[in-house]
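Student: I would like to go through this structure step by step. Where should we begin?

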Amino acid sequence: MSIRASHRSLRGISAVAAVLAIGAVGCSEVSDAVDGAKDSAKKVARQQSVFSLDIGDCYNPNGEAEGTAYAVEVVPCGEAHEGQVVGEFAIDEGKEFPGDAGVSAIADSRCPVEAQKYAPDTWALPKGVALFYYTPTKESWATGDRAVSCTYTAEKGRFSGSLDTAKSLKPEQSTYLKGSNAVYEALWANQSEKETVEDDLAGYKAQAKAVAAALDAHVKGLDGIEGTEVGKLRATLAEAAGNWKKAANAADADAFYIAYDPAFTGIDPNESVAARKELGLATTVPADEAEVWAG
């Protein structure tokens, strides 16, 4: 099994258990050595195969976060840790190994969806935490391994506490997050591989159609949620949906651009901060999203 992060080169990691020998040294040194031995023993006792990871498990990789992994240190979520499993699924792609790129593509598509079931509000994630995933290797595939474990992992340092927030959300919070997440999923999942509209007008129009449909569903969901700011956001998103529909029906690239500019501006995450505050949700726009809309 490998742990992969999108668009990154991955290399091997192996779990190594160290044995500490204590010689004739001073009392404080002996005490330090004993403590170190205890810590090492605890880490060894906590080792679990990556194949046994379950949703909710908090863990520390045995080395760098990325690479081929055989075992990890599973720890209580109340302790500082580097990662937590937030979703899992099985690949159903026939008998042949899809290849590293094929497996990564499947995980890229599925893990964001699975992770949002466990931790719906990505704005509330600890700073520096990103979505990673353990996937089958060619060798493990041959033994029947089809499981993908989706994890949120700290790119630097560690974090404490569980990311399981779905169970604690109020109905209106869940409704809002479900609709909002679907809008941005439609935007990025349908992004054309071409950099310009002129090179793929049909692809960009398909993306616009998907975003418009997601916005319609989001606006409908907001109908039953009270609040002045939520009402303002609903109006903004309804207008944005209209512009995305115009983009989806554009006759040419010029017409698409005219509709796209206000359509994209209409779903700027900053527009939702006041409504999120009213709903009791996190209000700090994630850095990567803020950068996109900052131009």
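Student: What average pLDDT does the protein chain have?
Tutor: This is a predicted model, so confidence comes before any detail. In the protein chain, 82% of the residues score at least 70. The chain average is a pLDDT of 83.

Student: Over which residues does pLDDT stay under 50?
Tutor: Where pLDDT is low, the predicted coordinates should not be read in detail. The model has 47 contacts beyond four places in sequence for the stretch in question. That stretch, with pLDDT under 50, is residues 4-42.

Student: Is strand β5 enclosed or open, and how many of its residues are buried?
Tutor: Strand β5 covers residues 71-75. In a regular strand the side chains alternate between the two faces of the sheet. On one side of β5 are A71, E73 and V75, on the other V72 and V74, and all are buried. β5 is therefore largely enclosed by the rest of the structure, with the number of buried residues being five of the five.

Student: Which residue of β5 stands opposite N60?
Tutor: N60 belongs to strand β3, residues 58-61, where N60 and C58 are buried on one side and Y59 and P61 are buried on the other. β3 and β5 run antiparallel and are joined by four bridges. Within this pair, P61 stands opposite V72. The residue opposite N60 is E73.

Student: Which residue of strand β6 stands opposite Y59?
Tutor: Strand β6 spans residues 83-90 and runs antiparallel to β3. Two bridges join β3 to β6. Opposite Y59 in β6 stands G83.

Student: Which residue of β5 stands opposite S49?
Tutor: Strand β2, residues 47-49, runs antiparallel to β5. Three bridges join β2 to β5. The β5 residue opposite S49 is A71.

Student: How far apart in space are V148 and E88, C-alpha to C-alpha?
Tutor: V148 is found in strand β8, residues 147-154. V148 and E88 are 60 residues apart in sequence, yet E88 is among the residues V148 touches, as are F89, A107 and Y134. Their C-alpha atoms are apart in space by 5.5 Å.

Student: Is V148 buried or exposed?
Tutor: The cut-off for buried is under 20% relative accessible area. V148 has a relative accessibility of 0%. V148 therefore counts as buried.

Student: Are α4 and α5 roughly parallel or roughly antiparallel to each other?
Tutor: The axes of helix α4 (residues 171-189) and helix α5 (residues 201-222) come within 8 Å and cross at roughly 175°. Angles over 145 degrees count as roughly antiparallel. The two helices, α4 and α5, are therefore roughly antiparallel.

Student: How many charged residues are there in the contact of α4 with α5?
Tutor: From α4 the contact includes Y176, A182, V183 and L187, and from α5 it includes Q207, V211, L215 and H218. The residues of this contact divide into ten nonpolar and six polar. The number that are charged is no residue at all: none.

Student: Is T196 buried or partly exposed?
Tutor: T196 lies in the loop between α4 and α5. Leaving aside neighbours within four places in sequence, T196 is in contact with Y204 and Y257. With a relative accessible area of 30%, T196 is partly exposed.

Student: What distance separates the C-alpha atoms of T196 and A253?
Tutor: T196 and A253 are 57 residues apart along the chain. In space, the separation of their C-alpha atoms is 9.2 Å.

Notes: Residues numbered from 1 in each chain as written. Predicted model: local features only at pLDDT ≥ 70, side-chain atom pairs only at ≥ 80, totals over all residues. Heavy atoms only, no water. Buried < 20%, exposed > 50% of the residue type's maximum accessible area, 1.4 Å probe, protein only. Pairing = 2+ DSSP bridges. pLDDT = per-residue confidence, 0-100. Contact = heavy atoms within 4.5 Å. Axes fitted to C-alpha atoms, helices over the stretch in contact; angles between N-to-C directions. Parallel < 35°, antiparallel > 145°, perpendicular 65-115°, else oblique. Nonpolar A, V, L, I, M, F, W, Y, C, P; charged D, E, K, R; others polar.
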